[in-house]
Amino acid sequence: MLPRFWRKIKYRYDLVGSYCENCGRSFYPPRNVCPNCRRKSNIREIRFGDCGKVISYSVVHDSENTRMRKPYIVAMIKLDDGPVITSQLVCSPDEVQTGMRVRKVFRKYGEEGESGIIYYGTKFVPADSE
Ligand SMILES: [Zn+2]
């Protein structure tokens, strides 16, 4: 069960990227021109689903970012809808493994990392966690 407030603001935190109607590829972050078709591309907005799997990760023990509790995990996540994104993964470093299922969760506004690798207030947790 999701708290009601979470449902209400869900839209704002959805992952929105670009979909090329010419070649059927999708991209994140959004682009104006498809890197595959270039000028022939016909781009529209697409909202990705919440689930994907970890294809690689690193555990960060030390960084300039004093607002992040350490260690934390930065993972490359392949969304079920296609694109690969980089995001914080919230779980124990002992727990994370390549191929594990993850899902996107709400991230408190105003806590984005300064490193540029955490997008749009989004982070991920293991898919089977509460
Ligand atoms: Zn294309």
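These are my notebook entries on the strands, the core and the confidence of one protein chain.

**Entry 1: overall make-up**

I began by noting that this is a predicted model, and I then looked up which elements the protein chain contains. I found one helix and eight strands, and reading from the N terminus on, I wrote down the order as α-β-β-β-β-β-β-β-β. I also looked up how much of the protein chain is buried, and the entry reads 18% of its 130 residues. For the contacts with a separation of 6 or more, I noted that 51% join residues 24 or more positions apart.

**Entry 2: confidence**

Before going into detail I checked the pLDDT, which has a mean of 78 over the protein chain, with 72% of the residues reaching 70 or more. Where in the protein chain is confidence lowest, and where is it highest? I found the lowest mean, 48, in helix H1 (residues 4–9), while the highest, 95, belongs to strand E4 (residues 51–60). Over residues 6–12 the pLDDT is below 50, and I recorded two contacts for this stretch beyond near neighbours in sequence. Residues 116–120 also have a pLDDT below 50, although for this stretch I recorded 10 contacts beyond near neighbours in sequence. I reminded myself that predicted coordinates should not be read in detail where pLDDT is low.

**Entry 3: the open sheet of three strands**

I next looked at an open sheet whose three strands are ordered E2-E1-E3 and pair in the antiparallel sense. Its edge strands are E2 (26–27) and E3 (43–47), each of which pairs on one side only. Between strand E1 (residues 16–20) and E2 I noted two bridges, in the antiparallel sense, and I found that Ser 18 has Phe 27 in E2 as its bridge partner.

**Entry 4: from E4 through E5 and E6 to E8**

I then followed the pairing that starts at E4, where eight bridges link E4 to E5 in the antiparallel sense; Lys 53 has Lys 78 in E5 as its bridge partner. Strand E5 (residues 72–79) is in turn joined by six bridges to strand E6 (residues 84–89), and these two run antiparallel. Within this pair I noted Ile 73 with its bridge partner Leu 89 in E6, as well as Val 74 standing opposite Gln 88 in E6. How many residues lie between E5 and E6 in their hairpin? I recorded four, and in the turn I found Gly 82 with a positive phi of about 125°.

On going further I asked in which sense E6 and strand E8 run, parallel or antiparallel. E6 and E8 (residues 122–126) run parallel and are joined by two bridges, and here Leu 89 stands opposite Phe 124 in E8.

**Entry 5: the largest nonpolar core**

Last, I looked up the largest nonpolar core, which has 13 residues, and noted that Val 54, Ala 75, Ile 77, Leu 89, Val 102 and Phe 124 touch the most other members. E5 and E6 each supply at least two residues of this core, and E5 gives the most, with five residues. I took Ala 75 as one case to follow: leaving aside residues up to four places away in sequence, Ala 75 touches Val 54, Tyr 57, Ser 87, Leu 89 and Phe 124. Beside this I set a general remark, that nonpolar side chains tend to be buried together in soluble globular proteins. I closed the entry with Leu 89, which I had met as the bridge partner of Ile 73 and opposite Phe 124.

Methods
Residues are numbered from 1 along each chain as its sequence is written. This is a predicted model: local features need pLDDT of at least 70, side-chain atom pairs count only at pLDDT 80 or more; totals for chains, interfaces and linings use all residues. Two strands pair if DSSP finds at least two bridges between them. pLDDT is the predictor's confidence in each residue, from 0 to 100. Two residues are in contact if their C-beta atoms, placed from the backbone, lie within 7 Å. A residue is buried if 20 or more other C-beta atoms lie within 10 Å of its own, exposed if 12 or fewer, and partly exposed in between; C-beta atoms are placed from the backbone. A nonpolar core is a set of buried Ala, Val, Leu, Ile, Met, Phe, Trp, Tyr and Cys residues joined through C-beta atoms within 7 Å.
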